[in-house]
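Let's learn to read disulfides together. Take a look at the chain first, then we'll talk it through.

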Amino acid sequence: MAQKSFSIPMIFPAIFAFSFALLLFATPTAAGHDYRDALRKSILFFEGQRSGRLPPDQRVKWRRDSALRDGSAAGVDLTGGYYDAGDNVKFGFPMAFTTTLLAWSIIDFGRNMGPELKNAVKAVKWSTDYLLKATSKPGVVYVQVGNAYSDHNCWERPEDMDTLRTVYKIDNAHPGSDVAGETAAALAAASIVFRSRDPAYSRLLLNRAVRVFNFADQHRGAYSSSLHAAVCPFYCDVNGYQDELLWAAAWLHKASRRRGFREYIVKNEVVLRAGDTINEFGWDNKHAGINVLISKEVLMGKAEYFESFKQNADGFICSLLPGVSHPQVQYSPGGLIFKPGGSNMQHVTSLSFLLLAYSNYLSHANKVVPCGERSASPALLKQLAKRQVNYILGDNPLGMSYMVGYGSRFPRRIHHRGSSLPSVAAHPSRISCKAGSRYFLTPNPNPNLLVGAVVGGPNVSDAFPDSRPYFQESEPTTYINAPLVGLLAFFSAHP
């Protein structure tokens, strides 16, 4: 049965049950967090992940130019972009998702970023400049540079890279609606960021987004079928490509306001399974994000035809509330959202971002989320999101920050090639593929601090091995940080 939203005065008694559940997870903290400092560092991290020729204003000084011939094997310029994590491969699928979430962070919370806004915008542009290169040929998207098996067989600095820089693409005969759809979403979201800052660049991004979306929609298929040997098991799309088509259409609708995209969403909602796995959100699964993004229009009273998306978004919110038993969402004893699989912090930051974004949409509409006989207020959703952010920053059973360089105790042995090997300045001569192994295996701390990097994080028991070989816990990724930028921006303005 459809649940309706209703206004705030009706629900105060019911909120206490959820508020009490929150107290179960409260970890005392000696002092408040410096969210502004954490925001600055979370954005700085992206400069440590840059590939290509570094600009004069590069702030992470231990990095140097790298991968300057990327794309040459295929006769295209694919320099630039980001390394996804602790390796030296450029994976287009997570890079595009990172870009979409960085752009959404700016769209919703840029007004809270203060002097860091310009750095956040630069972080988006570093990626979109690359994505424009990767989509420059109609009917083709270059989706990966670097053979992951060759790369993962070595432990070497990106500046020394001599592994295979194989170029992988999708085209009409080898479709990849998932990665193309996410790329279209990233370009569309970024076009909003640049709409007033650089109108010509914004138009370029939006026009390219439309072209890439049409390619994704007209030539349907999963890139992990077309390029299975290259992308699996690294960024294999196990969830299907349907959600990326809806996700891209949602961002194109928001960026262009063209009626055709609204009609596409309404027409394809059931066909593309908008109601599936509504509490998942990450580089592979966009369902919760689709529902929250589209629900904003429903809550603003502008789009009754999207009402079912709001019902899905409400269901997603209810599934995350502590004290509500849900098979796909659990909390550690210390109060951290936990989902099975590796790199858990990606779920923590992406789901918390949606909690915060939805709480703002609800606040503006003076609405709450109905969850059976109880309700969740916007204030409660913000409290939940803040609790997750505070856990990352040090309010946890180990009393450590999971952001490198924030606080007095943080991970020192992160699974990251550039951070763990001596810098070019400290060791100018080349360190070959296998010569780097001793730096991987040493118990010594990494010589280069990748400031702002948030690692995969503790296990379901709140335990954390600060050790490079435990990559699921100790490896940072761009898509952990991207939604965290928005969260930290908001809490820096509303501590």
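Q: Before we look at any bond, is Cys154 buried or exposed?
A: Cys154 is buried, at a relative accessible area of 8%. "Buried" stands for under 20% relative accessible area, "exposed" for over 50%, and "partly exposed" for in between (1.4 Å probe, protein chains only). A quick note on the source: this is a predicted model, where local features need pLDDT of at least 70, side-chain atom pairs count only at pLDDT 80 or more, and totals for chains, interfaces and linings use all residues. Residues are numbered from 1 along each chain as its sequence is written, and side-chain values use heavy atoms, leaving out hydrogens and water.

Q: What does a disulfide join Cys154 to?
A: In general, a disulfide is a covalent bond between the sulfur atoms of two cysteines. Here a pair counts when the cysteine sulfur atoms are within 2.5 Å. Cys154 is joined to Cys433, S to S 2.0 Å, and Cys433 is buried too, at 15% relative accessibility.

Q: Which parts does the pair of Cys154 and Cys433 tie together?
A: Cys154 sits in the loop between α5 (148-152) and β3 (167-171), and Cys433 in the loop between α16 (417-420) and α17 (437-441), so the link ties parts 279 residues apart in sequence. Those labels come from DSSP runs numbered from the N terminus: helices are H or I, at least four residues, and strands are E, at least two.

Q: How many disulfides does the structure hold?
A: There are 3. Cys232 pairs with Cys236, and Cys318 with Cys371.
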